[in-house]
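I sat down with this one over coffee and kept a short log. Here is what I looked up, in the order I got to it.

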Amino acid sequence: MNDNVVLQVNNVAKSFAKNKVIHDITFEVRQGEVYGFLGPNGAGKTTLVRMMLGLIDFQQGIIKIHGHDIKKDFKSAVREVGAIVETPYFYPYMSGYDNLRLAANVYDGVTKENIDEVLEMVQMKKRSKDKVRTYSLGMRQRLGIARALLHKPKLVILDEPTNGLDPQGMREIRELIRQLAIERDITFFISSHLLKEVEVTCDRVAILNEGKLLATGTVQELLKEANADNFEDYFIELTKKERELHV
Ligand SMILES: Nc1ncnc2c1ncn2[C@@H]1O[C@H](COP(=O)(O)OP(=O)(O)OP(=O)(O)O)[C@@H](O)[C@H]1O
């Protein structure tokens with residue numbers, strides 16, 4: 001394996017009963033990049049994220065995290081991942097700090113210093129002694145990212161990280177992700193249906209539609225290849241072509 005590769009998804013397919021929802025997908029994510037997994041509602045993003053975390057099984061292909069096969073070497077693979085899938089849950093009547101302390105019990109060797117460090121990283125140190133019920137949605141999301149970082153994972157997976165946030169909250173999360181990737185060399189895999197969000201946050205993107213991977217690359221590369229000048233037009237055209245093939 002190339003040391004630079006943190007996530008490998010190789011020829012992966014998944015069906016629910018007879019309904020194939022992921023079709024032979026292959027891509028890889030490199031150390032330190034912010035990778036956007038973009039697709040309309042129902043494309044299969046959450047399904048793939050859950051497969052990557054070992055939460056659901058799949059019939060075909062291999063998923064490796066930092067070289068560890070999620071099926072054959074589950075413990076080593078998940079040790080390398082931090083994730084937020086859906087809205088992170090916290091005990092509302094406990095402080096942010098105490099919530100993290102509780103979460104830290106799950107891992108070996110996470111110290112008080114590690115908790116302080118992740119709170120600092122997401123700029124939540126000042127509010128960490130306040131009860132979570134007093135936090136805004138954006139603050140809860142930042143605390144969720146702190147929790148995902150506690151065991152120093154190689155890869156952080158965020159499923160729709162700005163869902164429900166106002167524009168200011170969205171920008172804060174976006175800037176935090178970019179900052180952590182650049183300053184801490186943390187690799188992010190972000191699933192989203194928000195084009196603008198992915199365009200401004202991610203180094204490279206994969207476009208998923210009806211369980212099929214239609215394109216991968218930087219936004220600039222994709223636009224150049226298709227001779228398009230705006231990402232929204234490109235995306236709608238690309239997914240429309242695919243839809244038309246099926247009518
Ligand atoms: N447990 C399940 N049983 C049967 N079908 C499922 C199950 N989970 C997901 N699906 C189907 O798989 C397809 C992909 O769903 P998924 O939730 O992964 O899409 P998504 O891209 O995350 O969409 P959204 O942006 O709306 O969350 C959909 O057709 C969905 O109905």
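Which residue follows helix 1, and what is the sign of its phi? I went to the end of the helix and found G54 there, with a positive phi near 75 degrees. A reminder to myself before going on: this is a predicted model.

**Entry: helix 1**

I stayed with helix 1 and checked which side chains face inward. K45, L48, V49, M51 and M52 are buried in helix 1. These residues lie on the same side of helix 1, because they cover an arc of only 160 degrees around its axis.

I then picked L48, a residue of helix 1, for a closer look. L48 counts as buried because it has 29 C-beta neighbours inside 10 Å, and the cut-off for that class is 20 or more. I also looked up its distance to V12: the two C-alpha atoms are 9.1 Å apart, while the residues are 36 apart in sequence.

**Entry: the ligand**

Next I listed what surrounds the ligand. I noted F16, V21, G39, N41, G42, A43, G44, K45, T46, T47 and H193. Helix 1, residues 45-52, gives the largest share of this shell, with 3 residues. K45 caught my eye, since it is in the shell and also among the buried residues of helix 1. Sorted by class, the shell has 7 polar, 3 nonpolar and 1 charged residues.

**Entry: a sheet**

I traced an open sheet of 4 strands, and I wrote its order down as 2-1-4-5, with antiparallel pairing. Its edges are strand 2 (19-30) and strand 5 (68-69), each of which pairs on one side only. Strand 5 pairs with strand 4 (residues 60-65) over 2 bridges, in the antiparallel sense. Looking across that pair, I found I65 opposite H68 of strand 5.

**Entry: the whole chain**

Zooming out, I counted 9 helices and 10 strands in the protein chain. Its radius of gyration is 18 Å, close to the 18 Å from the globule rule for 247 residues, so the chain is as compact as a globular protein of that length. Along the principal axes, the C-alpha trace spans about 55 × 40 × 35 Å. Of the 247 residues, 37% are buried.

**Entry: the record**

Last, I opened UniProt. Its unreviewed entry places the feature "domain: ABC transporter" at residues 7-235. In the model, that span is 36% helix and 27% strand, and its end C-alpha atoms lie 24 Å apart.

Notes: Residues are numbered from 1 along each chain as its sequence is written. This is a predicted model: local features need pLDDT of at least 70, side-chain atom pairs count only at pLDDT 80 or more; totals for chains, interfaces and linings use all residues. A residue is near a molecule or strand if its C-beta atom, placed from the backbone, lies within 6 Å of it. Ala, Val, Leu, Ile, Met, Phe, Trp, Tyr, Cys and Pro count as nonpolar, Asp, Glu, Lys and Arg as charged, and the others, Gly among them, as polar. UniProt positions are given in the numbering used here, feature names are shortened, and annotations may be inferred rather than shown by experiment. A residue is buried if 20 or more other C-beta atoms lie within 10 Å of its own, exposed if 12 or fewer, and partly exposed in between; C-beta atoms are placed from the backbone. The arc is that of the directions from the helix axis to the C-beta atoms. Two strands pair if DSSP finds at least two bridges between them. The radius of gyration is taken over C-alpha atoms; the globule rule is 2.2 Å times the number of residues to the power 0.38.
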